[in-house]
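Student: I have a model open and would like to understand the labels people attach to it. Could we go through them together?

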Amino acid sequence: MTDNPTAPAPAGGEARSPERPPAPRGPREGGRRDDHGRGPRRGGPSGPGGRRFFRRRRVCKFCVEKIDHIDYKDVAIRQFVGDRGKILPRRISGVCAPHQRQLKVAIKRARNIALLPFAAGHGA
Ligand SMILES: [Zn+2]
């Protein structure tokens, strides 16, 4: 038992506690609770399920260019028609509701004068 130099065995020689544990209940023990909060915290701004890639910008092209009336003779409406001749939904094209309504009319008029196809893949 010579590995305990800090216990010089005070008076009396009473072997009461030659190996006292080094104060396990310090005042800092309550601070360990802060480490507990790192587990379930997972809803950060860059967490999974966030918008990683946006398909298109969420602005209406007609609103940006301040087009009040969509002309059915405008070739720009072709980009709102898909490859199969269908009108793109607003979710994809990003057109706002009033402009999508005008665009719908414009595309249908353009179809009637054979500027746009009703559907692709027929007879060709
Ligand atoms: Zn718009």
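Tutor: Gladly! Bear in mind that this is a predicted model. A good place to begin is A114, which comes after α3 and has a positive phi, near 60°.

Student: What makes up the secondary structure of the chain?

Tutor: It comes to 3 helices and 0 strands, and reading along the sequence gives the pattern α-α-α.

Student: How do you know that the length of α3 agrees with what a helix should span?

Tutor: Helix α3 covers residues 97-112, which is 16 residues. At 1.5 Å a residue, counted for one less than the number of residues, the expected span is 22 Å. The end C-alpha atoms are 23 Å apart, so the two values agree.

Student: Which residues of α3 are buried, and what makes them so?

Tutor: They are H99, Q100, L103, A106, I107 and A110. The label means that 20 or more other C-beta atoms lie within 10 Å of a residue's own.

Student: Why do we say that these buried residues line one face of the helix?

Tutor: Looking down the axis of α3, they fall within an arc of 125°, so they line one face. An α-helix has 3.6 residues a turn, so residues three or four places apart point the same way. On the other side of α3, the exposed residues are A97, P98, V105 and N112.

Student: What covers the buried residues of α3?

Tutor: The cover includes 61-64 of α1 and 90-93 of α2.

Student: Why is R101 called partly exposed?

Tutor: R101, found in helix α3, has 13 C-beta neighbours inside 10 Å. Exposed would need 12 or fewer and buried 20 or more, so R101 falls in between and counts as partly exposed. Its C-alpha atom is separated by 9.7 Å from that of I70, 31 residues apart along the chain.

Student: Which residues does I70 touch, and what makes them contacts?

Tutor: Leaving out residues up to four places away in sequence, I70 touches F62, I77, H99, Q102, L103 and A106. Each counts as a contact because the two C-beta atoms lie within 7 Å.

Student: Which residues make up the largest nonpolar core?

Tutor: There are 10 residues in all: F62, I70, I77, F80, V95, L103, A106, I107, A110 and L116. Helix α3 gives the most to this core, with 4 residues.

Student: And how much of the chain is buried?

Tutor: Buried residues make up 11% of the 124 residues. As for contacts between residues at least 6 apart in sequence, 66% join residues at least 24 apart.

How values were computed. Residues are numbered from 1 along each chain as its sequence is written. This is a predicted model: local features need pLDDT of at least 70, side-chain atom pairs count only at pLDDT 80 or more; totals for chains, interfaces and linings use all residues. Helices (H or I, at least four residues) and strands (E, at least two) are DSSP runs, numbered from the N terminus. The arc is that of the directions from the helix axis to the C-beta atoms. A nonpolar core is a set of buried Ala, Val, Leu, Ile, Met, Phe, Trp, Tyr and Cys residues joined through C-beta atoms within 7 Å.
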